[in-house]
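Q: Please take a close look at one part of this model, the largest pocket, and describe what lines it and what sits in it. I am new to this structure, so a careful account would help.

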Amino acid sequence: LRRVLGLRSIVLVGLMGAGKSTVGRRLATRLGLLFKDADNEIEAAAGLTIPDIFAIYGEPSFRDGEERVITRLLRAGPLVLATGGGAYLRPATREHIRERGISVWLKADLDVLMRRVRKRGNRPLLQTEDPEATMRALMEVRHPVYAEADIVVMSRDVSQDRVVEDVMEALV
Ligand code: S3P
(Lines give C-alpha, C1' and ligand atoms only; values in the text may rest on other atoms or scores of the structure.)
Protein backbone atom coordinates (compact mmCIF):
# COMPACT_ATOMS: atom_id res chain seq x y z
CA LEU A 1 0.00 0.00 0.00
CA ARG A 2 2.89 2.35 0.74
CA ARG A 3 4.07 1.79 -2.83
CA VAL A 4 0.62 2.54 -4.19
CA LEU A 5 0.48 5.77 -2.23
CA GLY A 6 3.93 6.87 -3.42
CA LEU A 7 4.72 10.28 -2.01
CA ARG A 8 1.11 11.20 -1.46
CA SER A 9 -0.25 11.90 1.99
CA ILE A 10 -3.54 10.69 3.36
CA VAL A 11 -5.70 13.58 4.44
CA LEU A 12 -8.73 12.96 6.64
CA VAL A 13 -11.60 15.40 6.30
CA GLY A 14 -15.06 15.52 7.81
CA LEU A 15 -17.06 17.05 10.60
CA MET A 16 -16.12 17.49 14.23
CA GLY A 17 -16.52 14.16 15.97
CA ALA A 18 -16.02 12.08 12.83
CA GLY A 19 -12.96 10.42 14.38
CA LYS A 20 -10.32 12.03 12.16
CA SER A 21 -7.64 12.20 14.88
CA THR A 22 -8.16 8.73 16.36
CA VAL A 23 -8.51 7.00 13.01
CA GLY A 24 -5.64 9.04 11.54
CA ARG A 25 -3.22 8.15 14.33
CA ARG A 26 -3.97 4.44 14.01
CA LEU A 27 -3.87 4.54 10.23
CA ALA A 28 -0.43 6.16 10.36
CA THR A 29 0.82 3.40 12.66
CA ARG A 30 -0.52 0.76 10.28
CA LEU A 31 1.14 2.41 7.29
CA GLY A 32 4.39 3.35 9.02
CA LEU A 33 3.78 7.00 8.22
CA LEU A 34 4.09 10.09 10.36
CA PHE A 35 0.82 11.38 11.84
CA LYS A 36 -0.04 15.03 12.35
CA ASP A 37 -3.18 16.69 13.64
CA ALA A 38 -3.62 20.10 12.04
CA ASP A 39 -5.49 21.50 15.07
CA ASN A 40 -2.62 20.53 17.41
CA GLU A 41 -0.08 22.05 15.05
CA ILE A 42 -2.03 25.30 14.90
CA GLU A 43 -2.22 25.42 18.69
CA ALA A 44 1.53 24.80 18.95
CA ALA A 45 2.32 27.46 16.34
CA ALA A 46 0.07 30.03 18.00
CA GLY A 47 0.88 29.07 21.58
CA LEU A 48 -2.87 29.23 22.22
CA THR A 49 -5.78 26.80 22.32
CA ILE A 50 -8.26 26.83 19.45
CA PRO A 51 -11.03 28.39 21.56
CA ASP A 52 -8.57 31.14 22.52
CA ILE A 53 -7.51 31.72 18.91
CA PHE A 54 -11.20 32.08 17.95
CA ALA A 55 -11.90 34.37 20.90
CA ILE A 56 -8.86 36.61 20.50
CA TYR A 57 -8.30 36.73 16.73
CA GLY A 58 -11.58 35.52 15.28
CA GLU A 59 -12.42 32.73 12.87
CA PRO A 60 -11.02 34.33 9.67
CA SER A 61 -7.52 34.58 11.21
CA PHE A 62 -7.82 31.00 12.43
CA ARG A 63 -8.67 29.91 8.86
CA ASP A 64 -5.62 31.74 7.46
CA GLY A 65 -3.37 30.05 10.01
CA GLU A 66 -5.01 26.72 9.31
CA GLU A 67 -4.26 26.99 5.61
CA ARG A 68 -0.61 27.90 6.26
CA VAL A 69 -0.15 25.00 8.66
CA ILE A 70 -1.77 22.45 6.35
CA THR A 71 0.31 23.63 3.38
CA ARG A 72 3.51 23.37 5.42
CA LEU A 73 2.66 19.90 6.71
CA LEU A 74 1.77 18.58 3.25
CA ARG A 75 5.03 19.92 1.79
CA ALA A 76 6.91 17.91 4.42
CA GLY A 77 4.92 14.73 3.67
CA PRO A 78 4.09 12.01 2.99
CA LEU A 79 2.14 11.70 6.20
CA VAL A 80 -1.32 11.01 7.55
CA LEU A 81 -2.97 14.35 8.30
CA ALA A 82 -6.12 14.91 10.33
CA THR A 83 -7.59 18.29 9.40
CA GLY A 84 -10.00 20.43 11.39
CA GLY A 85 -13.58 20.13 10.17
CA GLY A 86 -13.60 23.47 8.37
CA ALA A 87 -10.27 23.21 6.56
CA TYR A 88 -11.55 21.41 3.48
CA LEU A 89 -14.18 24.08 2.98
CA ARG A 90 -11.60 26.63 1.84
CA PRO A 91 -10.93 26.25 -1.90
CA ALA A 92 -7.18 27.02 -1.64
CA THR A 93 -6.72 24.43 1.11
CA ARG A 94 -8.75 21.92 -0.87
CA GLU A 95 -6.45 22.51 -3.85
CA HIS A 96 -3.29 21.88 -1.75
CA ILE A 97 -4.84 18.69 -0.48
CA ARG A 98 -5.75 17.59 -3.99
CA GLU A 99 -2.20 18.22 -5.23
CA ARG A 100 -0.40 16.41 -2.46
CA GLY A 101 -2.70 13.84 -1.01
CA ILE A 102 -5.50 11.38 -1.12
CA SER A 103 -8.47 12.83 0.70
CA VAL A 104 -10.66 10.59 2.82
CA TRP A 105 -14.02 11.86 4.05
CA LEU A 106 -14.91 10.20 7.32
CA LYS A 107 -18.66 10.44 7.15
CA ALA A 108 -20.80 9.94 10.24
CA ASP A 109 -24.42 10.21 11.28
CA LEU A 110 -25.65 13.08 13.42
CA ASP A 111 -26.07 11.04 16.60
CA VAL A 112 -22.57 9.59 16.31
CA LEU A 113 -21.05 13.04 15.80
CA MET A 114 -22.98 14.50 18.72
CA ARG A 115 -22.04 11.69 21.06
CA ARG A 116 -18.37 12.16 20.23
CA VAL A 117 -18.24 15.95 20.41
CA ARG A 118 -19.91 15.92 23.81
CA LYS A 119 -16.84 14.13 25.14
CA ARG A 120 -14.59 17.06 24.26
CA GLY A 121 -16.11 20.49 24.73
CA ASN A 122 -13.47 22.50 22.91
CA ARG A 123 -15.33 23.35 19.71
CA PRO A 124 -16.06 27.07 19.51
CA LEU A 125 -18.48 26.55 16.60
CA LEU A 126 -20.70 24.40 18.82
CA GLN A 127 -20.97 26.89 21.66
CA THR A 128 -24.53 27.66 20.64
CA GLU A 129 -27.91 27.33 22.30
CA ASP A 130 -28.69 24.21 20.31
CA PRO A 131 -25.45 22.42 19.31
CA GLU A 132 -27.37 19.63 17.60
CA ALA A 133 -29.20 22.08 15.33
CA THR A 134 -25.86 23.77 14.62
CA MET A 135 -24.32 20.43 13.70
CA ARG A 136 -27.27 19.65 11.43
CA ALA A 137 -26.81 22.98 9.66
CA LEU A 138 -23.08 22.30 9.26
CA MET A 139 -23.87 18.88 7.77
CA GLU A 140 -26.14 20.48 5.22
CA VAL A 141 -23.58 23.04 4.10
CA ARG A 142 -20.48 20.88 4.30
CA HIS A 143 -21.51 17.44 3.10
CA PRO A 144 -21.64 18.47 -0.58
CA VAL A 145 -18.08 19.81 -0.26
CA TYR A 146 -16.70 16.81 1.66
CA ALA A 147 -18.25 14.69 -1.08
CA GLU A 148 -15.49 15.96 -3.39
CA ALA A 149 -12.98 13.87 -1.43
CA ASP A 150 -11.30 11.01 -3.27
CA ILE A 151 -12.67 8.38 -0.91
CA VAL A 152 -15.67 8.26 1.42
CA VAL A 153 -15.63 5.95 4.42
CA MET A 154 -18.49 5.64 6.87
CA SER A 155 -17.26 6.33 10.39
CA ARG A 156 -19.60 3.80 11.89
CA ASP A 157 -20.46 3.50 15.53
CA VAL A 158 -18.12 0.55 15.97
CA SER A 159 -14.59 0.35 17.29
CA GLN A 160 -12.35 2.87 15.56
CA ASP A 161 -10.06 -0.01 14.60
CA ARG A 162 -12.83 -1.30 12.34
CA VAL A 163 -13.06 2.10 10.73
CA VAL A 164 -9.28 2.05 10.21
CA GLU A 165 -9.69 -1.29 8.42
CA ASP A 166 -12.42 0.20 6.23
CA VAL A 167 -10.11 3.06 5.26
CA MET A 168 -7.26 0.63 4.51
CA GLU A 169 -9.58 -1.39 2.28
CA ALA A 170 -10.84 1.71 0.49
CA LEU A 171 -7.26 2.82 -0.23
CA VAL A 172 -6.17 -0.30 -2.11
C1 S3P B 1 -13.75 23.24 13.23
C2 S3P B 1 -13.34 22.00 13.67
C3 S3P B 1 -12.35 21.81 14.73
C4 S3P B 1 -11.42 23.02 14.82
C5 S3P B 1 -12.21 24.28 14.95
C6 S3P B 1 -13.18 24.49 13.78
C7 S3P B 1 -14.77 23.32 12.17
O8 S3P B 1 -11.59 20.64 14.46
O9 S3P B 1 -10.57 23.09 13.71
O10 S3P B 1 -12.92 24.22 16.16
O11 S3P B 1 -14.91 24.38 11.52
O12 S3P B 1 -15.45 22.30 11.92
P13 S3P B 1 -12.17 19.12 14.61
O14 S3P B 1 -12.90 18.78 13.36
O15 S3P B 1 -10.93 18.31 14.77
O16 S3P B 1 -13.02 19.12 15.83
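A: About 620 Å³ of space lies in the largest pocket. A pocket here is an open set of points on a 1 Å grid over the protein atoms alone, with protein on both sides within 12 Å along at least five of seven lines, whereas a cavity is a set of points where a 1.4 Å probe fits but cannot get out; lining residues have an atom within 4 Å of a point. Grid points are joined across faces, edges and corners, and a volume is the space filled by probe spheres set on the points. The model is a predicted one, in which local features need pLDDT of at least 70 and side-chain atom pairs count only at pLDDT 80 or more, while totals for chains, interfaces and linings use all residues. Residues are numbered from 1 along each chain as its sequence is written, and side-chain values use heavy atoms, with hydrogens and water left out.

The lining of the largest pocket is made up of 33 residues, and those nearest its centre are Met16, Gly17, Asp39, Arg120 and Arg123. By class, this lining has ten nonpolar, eleven polar and twelve charged residues, where Ala, Val, Leu, Ile, Met, Phe, Trp, Tyr, Cys and Pro count as nonpolar, Asp, Glu, Lys and Arg as charged, and the others, Gly among them, as polar. At least two lining residues each come from helix 2 (20-31), helix 3 (38-46), helix 4 (50-57), helix 5 and helix 7 (110-118), and helix 2 gives the most, with four residues. Helices (H or I, at least four residues) and strands (E, at least two) are DSSP runs, numbered from the N terminus.

The space of this largest pocket is the one taken by the ligand, a molecule being counted as sitting in a pocket if more than half of its atoms lie within 2 Å of the pocket's grid points. Around the ligand there are 13 residues, of which Lys20, Asp39, Arg63, Arg123 and Arg142 are the closest; a residue is near a molecule if one of its heavy atoms lies within 4 Å of it. This shell consists of five nonpolar, three polar and five charged residues.

Polar contacts, which are pairs of N or O atoms within 3.5 Å, add detail. An N or O atom in the side chain of Lys20 is 2.7 Å from an oxygen atom of the ligand, and a polar side-chain atom of Asp39 also lies 2.7 Å from a ligand oxygen atom. In the case of Gly85, a backbone N or O atom lies 2.9 Å from an oxygen atom of the ligand. On its own the ligand has 380 Å² of accessible area, by the Shrake-Rupley method with a 1.4 Å probe, and the protein covers 97% of that area.

Helix 5 (residues 59-75) also takes part in other spaces. The second largest pocket has a volume of about 170 Å³, and its lining includes Ile42, Tyr57, Phe62 and Val69. Helix 5 gives the most to that lining, with five residues, and the lining divides into eight nonpolar, two polar and one charged residues. The whole structure holds one cavity of 30 Å³ or more. Arg63, one of the residues closest to the ligand, is also among the residues that line the largest cavity, to which helix 5 (residues 59-75) gives the most, with three residues.

Note on methods. A polar contact is a pair of N or O atoms within 3.5 Å; within protein, one must be able to donate a hydrogen and the other to accept it, and residues adjacent in sequence count only if both atoms are side-chain atoms.
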